[in-house]
Amino acid sequence: MSSVSSESASGGLLKSLQTDRWMSQLPDQLLDVPLYNLAIPGSHNSITYCLDKNNRSPVDHTQPDFLKKLDKYMKPIIRPFVYKWSITQESTVKEQLDEGVRYCDLRIAHKPSDDSCDLYFYHGVYTTITVEVVLKEIREWLEAHPKEVVILSFSHFLGLNQELHQHLIHSIQNTFGPKLCPKYETVTLRNLWRLGYQVIISYENDIMNFYDDLWPHISYWWANKCKAGALIQEIERRKQHGRPAGFFVAGINLTEDAKYIVSHPTESLNGLVMSTYPVLLEWVQKQTPGPSPGAINIIAGDFVKEGQLVPAVISLNEELLNWTS
């Protein structure tokens, strides 16, 4: 497994951490810091590496009406554009976890006209892999990494009724069982290790109020900008109002609109993101975790493995050693 780059670590104490088990290798001083005060790497729209490229698969219902009509009548022309701008991660969920990602952005959908209870992920189109398969892959990874903790954010539910929400929650509980951390628990690594908890579930639906092992939705700072400078400016504006008390995400994912896509026919989301990562990483390396109003917690982005976001975020925890010592 890779280790944190010395170029991203301010003092070098965290540079030798193995990314697949970096939590287990943190200095003792950080084991009693709540996870919402640590710097945690995350992936935006985590499960888009397996979008269905079969032209019979419909575009998801959140897409604009004009795109749905174009896709219906001009599918061979439109679909390549949809895929180029919908894939946000090229690494599998296990590869992301090996790379050091500990927050996953999971957007859940039930396909229209599907009589089964199968649930999928979506972004532009639906995935070929079901939610149940991905959850089992995460559980297998956790079993091989017993001191790592993941935060799974279930949100942007599409086409789920009450029955399907119940089905999803039971699937989560059956998959992770005693690894699920109750929302009233103290979330320091030392305490979670002692109790055997490895999974924190954030659930963006009021049904979570009826379950002790479902946490409230984690706030995601989405800038809705297609240029790195404007994105950074928006996040800095939000920081001026102070960070939330618990978990929150600063999303450094760029967002393109239809006008941008049409005016850049040869580009893709990957090309856009990779061209701006140097600017985004420069901003990331200036951030500080912790409880102060201007601190960050989770930083999530696209193409996390290719963009070297993860080592930059992990290394920010170096700053916490100064006030915990």
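Trainee: Is Phe-303 buried or exposed?
Mentor: Start with its place: Phe-303 lies in the loop between β9 (298-301) and α10 (304-307). Helices (H or I, at least four residues) and strands (E, at least two) are DSSP runs, numbered from the N terminus. Buried means under 20% relative accessible area, exposed over 50%, and partly exposed in between (1.4 Å probe, protein chains only). At 1% relative accessibility, Phe-303 is buried.

Trainee: What pLDDT do local features need in this model?
Mentor: Residues are numbered from 1 along each chain as its sequence is written, and side-chain values use heavy atoms, with hydrogens and water left out. The model is predicted: totals for chains, interfaces and linings use all residues, side-chain atom pairs count only at pLDDT 80 or more, and local features need pLDDT of at least 70.

Trainee: What is phi of Phe-303?
Mentor: Look at the sign. Phe-303 is a residue other than glycine, yet its phi is positive. The value is near 45 degrees.

Trainee: Which loop residue touches Phe-303 and also Thr-48?
Mentor: Contact means heavy atoms within 4.5 Å. Residues up to four places away in sequence are not counted here. The partners Thr-48, Leu-51, Lys-53, Leu-269 and Phe-303 belong to one residue, found in the loop between α2 and α3 (93-99). That residue is Ile-87.

Trainee: What is the relative accessible area of Ile-87?
Mentor: Ile-87 counts as buried. Its relative accessible area is 18%.

Trainee: What distance separates the C-alpha atoms of Ile-87 and Gly-124?
Mentor: Along the chain, Ile-87 and Gly-124 are 37 residues apart. In space, their C-alpha atoms are separated by 8.7 Å.

Trainee: How far apart are the end C-alpha atoms of helix α2?
Mentor: The expected span is 1.5 Å times one less than the number of residues. Helix α2 has 12 residues, 75-86, and should span 16 Å. The model agrees, with its end C-alpha atoms 15 Å apart.

Trainee: Which residues of α2 are buried?
Mentor: Walk along α2 from its start and keep the buried ones. They are Lys-75, Ile-78, Arg-79, Val-82, Tyr-83, Trp-85 and Ser-86.

Trainee: Why do the buried residues of α7 lie on the same side?
Mentor: In α7 (residues 228-239), Ala-228, Leu-231, Ile-232, Glu-234, Ile-235 and Lys-239 are buried. The arc is that of the directions from the helix axis to the C-beta atoms. An α-helix has 3.6 residues a turn, so residues three or four places apart point the same way. The buried residues of α7 share a side because they cover an arc of only 160 degrees.

Trainee: Which elements are among those covering these buried residues?
Mentor: Cover here rests on contact with the buried residues of α7. The elements include β7 (219-221), β8 (248-251) and α9 (269-284).

Trainee: How many residues of strand β2 are buried?
Mentor: Tyr-103, Asp-105, Arg-107 and Ala-109 point one way from β2, and Cys-104, Leu-106 and Ile-108 the other way. Both sets are buried. Strand β2 (residues 103-109) is therefore largely enclosed by the rest of the structure, with buried residues numbering 7 of the 7.

Trainee: Which strand pairs with β2 over 6 bridges?
Mentor: Two strands pair if DSSP finds at least two bridges between them. With β1 (residues 40-43), β2 pairs in the parallel sense over 2 bridges. With β3 (residues 120-123), the pairing is antiparallel, also over 2 bridges. The parallel partner over 6 bridges is β5 (residues 150-158).

Trainee: Which residue of β3 is the bridge partner of Ile-108?
Mentor: Take the neighbours one by one. Gly-42 has Tyr-103 as its partner in β2, and Asp-105 stands opposite Ser-153 in β5. For Ile-108, the partner in β3 is Phe-121.

Trainee: Is Ser-113 buried or exposed?
Mentor: Ser-113 is found in the loop between β2 and β3. Its phi is positive, about 65 degrees, although it is not a glycine. With a relative accessible area of 80%, Ser-113 is exposed.

Trainee: Which helix gives the largest share of the largest nonpolar core?
Mentor: A nonpolar core is a set of buried Ala, Val, Leu, Ile, Met, Phe, Trp, Tyr and Cys residues joined through side-chain atoms within 4.5 Å. The largest has 103 residues, and Leu-35, Ile-108 and Phe-154 are among those with the most contacts inside it. The largest share, 8 residues, comes from α9.
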